[in-house]
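Biologist: Could you walk me through this model before I go back to the bench? I would like to start with the overall picture and then look at the pockets.

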Amino acid sequence: MLLSVFIVLIVVDCRGCCCLLLTWWCLLLLLLLQVVIDFSSPNVAKEMHVGHLRSTIIGDSTSRLYEFLGHEVLRLNHIGDWGTQFGMLIAHLVDRFPNYTEQPPPIADLQAFYKESKLRFDEDPSFRSRAYEYVVRLQSKEEAILRGWSLICDISRREFQKIYDSLGVRLEERGESFYQSLMQDVVEELKQKGLLQEDEGRLVLFAPGCAVPLTVVKSDGGFTYDTSDLAALRHRIHTERADVIIYVTDSGQASHFEAVFSAARLAGWYQEGGGVRVVHTPFGVVLGEDRKKFKTRSGETVRLAELLDEGLRRAGDKLQEKGRHQVLTPEELEAARRAVAFGCIKYADLAHSRTNDYVFSFAKMLDDRGNTAVYLLYAYTRIRSIARVAHVDPAQLRSEARRVGGVALGHASERRLARAILRLPEVLARTADDLQLHTLCDFLYELAGTFTDFYDACYCVEKDRSTGEVVKVNMSRLLLCEATAMVMETCFHILGLTPVQRM
């Protein structure tokens, strides 16, 4: 009876149901936490590429998971918007568009603009000297120079946002520039605590357990990425009052974050096992089908915008092959194309253990067999079609759930499906603990398979063989179908996939 009651609660109200289910499994997780998740983090004046794909997808899904569990989540985009390269870019901007403060420069391709300035920086000593001067003027916050810096950042920001809009990702920007005014405070605190040592004109910090020291102040008095990350972590602990701080970057940065976290503990900002959990969630690289680092045929890094466009094209071709253009409206076909294209890219990433490298293959992603987004999205639409065939709408199902107060579980396949549904809170608790999102993908795939077994063994809707008319509807089993669909929707939401009713 307990299984029946919980399944009815799912049908009546999916969000309410999940809270009820989670209560008995992970009550502690439902204590309201302030969670800060640092992910994506592209560099201004450079295009987002395939290297940003995993951080963006994993970070977004991790954010969705904690938000679903009821926590307050601050999604931070720690973009590279400060440093020496801006002196180079601003010097080139002044030369190319001297009236930029009065008329916005027509820079259509910021990547090309960056390459032009970098070539001049490398080959022209006088230009390089001026670039360094502009760095100083930027750090001094000279109005005209700040305006040039802001123009360049805005162009990048617009391009980044196109990617985020396509992927359905929300972020709050807190670039390196945000922490510039906080770095001196960090340096002074570390000095007062006697944690800095002089080394060939630099001020360095030897973090416990780390062989390579952090460079906190350069020999010329400037700050570094180490200083910026220390200031960011300090701000997130003391100002944001975060209970959980998660950094989503590639595994190549593991030793850097180990040193930053160790330094923060040495400074007394937080303690291991104390009230603040600080964790780096590393991930492997994206490989091409040749199992080498994913690059274009010319050897260049794959641009993320081009990758998403290719996904849209291939998804459209896949739907055409299946003749979906003949049965779907143009609006439904476009919704299905976007759901398949972006869903398959996200799911292929999340379905693998994040610590492993994975092979990027559109052919495998778009396969409608096996543990793929396409298979699961199709499975979901098939489940949703059952109630339509029975001419029963969701309002009727909810009314029936309230009326009967339970679901009959007389058949072994019904009981297996009910048990599969009720594994959701256990899976969410485990995923929130180890931040391995493939666990949720595995659950979703197993649930779809368990539903197929149930549907093959248990009639939900019976039709007259001669007329095709519906002669009998098993409302109890339709409730199980509805519960399965709603749990799948919950998983899709956390994974960042967008299901459609028809595909």
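**Overall picture and pockets**

Modeller: The protein chain contains 19 helices and 12 strands, and please keep in mind that this is a predicted model.

Biologist: What box do the C-alpha atoms of the protein chain fill?

Modeller: Taken along the principal axes, the C-alpha atoms fill a box of roughly 90 × 50 × 45 Å. The protein chain exposes about 23100 Å², and carbon and sulfur atoms supply 50% of that area.

Biologist: And what percentage of the residues is buried?

Modeller: Of the 503 residues in the protein chain, 51% are buried. As for contacts between residues at least 6 apart in sequence, 76% of them join residues that are at least 24 apart.

Biologist: Ok, pockets now. What volume does the largest pocket have, and which residues lie nearest its centre?

Modeller: The largest pocket has a volume of about 810 Å³. Its lining is made up of 34 residues, and those that lie nearest the centre are S40, S41, H52, D250 and Q253.

Biologist: Which helices each supply at least two residues of that lining?

Modeller: Helices α3 (53-68), α9 (225-238) and α10 (254-266) each supply at least two residues of the lining of the largest pocket, and α9 gives the most, with three residues.

Biologist: How do the lining residues of the largest pocket divide into nonpolar, polar and charged?

Modeller: The lining of the largest pocket divides into 10 nonpolar, 17 polar and seven charged residues.

Biologist: Then the second largest pocket: how much space lies in it, and which residues are nearest its centre?

Modeller: About 590 Å³ of space lies in the second largest pocket. There are 20 lining residues, with W82, G83, Q139, K218 and F223 nearest the centre, and the lining divides into seven nonpolar, nine polar and four charged residues.

Biologist: Which helix supplies the largest share of that second lining?

Modeller: Helix α6 does, with four residues. The helices that each supply at least two residues are α4 (84-96), α6 (125-139), α8 (180-192) and α9, and α9 is also a helix that lines the largest pocket.

Biologist: Switching to single residues, where does G222 lie?

Modeller: G222 lies in the loop between β6 (214-217) and α9. Leaving aside neighbours within four places in sequence, G222 is in contact with V216 and V217. G222 and G83 are 139 residues apart in sequence, and their C-alpha atoms are 9.8 Å apart in space.

Biologist: What about T56, is that one buried or exposed?

Modeller: T56 is found in helix α3, and T56 counts as buried because its relative accessibility is 0%.

Biologist: Which residues does T56 touch, beyond those up to four places away in sequence?

Modeller: T56 touches F39, S40, M48, Y164, L167 and V169, and S40 is also one of the residues nearest the centre of the largest pocket.

Biologist: Last topic, the strands. In what sense do β1 and β2 pair?

Modeller: Strand β1 (residues 34-38) and strand β2 pair in the parallel sense, over five bridges. In one of the bridges, I37 has R75 of β2 as its partner.

Biologist: How many residues of β2 are buried?

Modeller: Strand β2 (residues 72-77) is mostly covered, with five of its six residues buried.

Methods:
Residues numbered from 1 in each chain as written. Predicted model: local features only at pLDDT ≥ 70, side-chain atom pairs only at ≥ 80, totals over all residues. Heavy atoms only, no water. 1 Å grid on protein atoms, 1.4 Å probe; cavity = no way out; pocket = protein on both sides within 12 Å on 5 of 7 lines; lining within 4 Å. Points joined across faces, edges and corners; volume = space filled by probe spheres on them. Nonpolar A, V, L, I, M, F, W, Y, C, P; charged D, E, K, R; others polar. Contact = heavy atoms within 4.5 Å. Buried < 20%, exposed > 50% of the residue type's maximum accessible area, 1.4 Å probe, protein only. Areas by Shrake-Rupley, 256 points an atom, 1.4 Å probe, with all protein chains shown as cover. Pairing = 2+ DSSP bridges.
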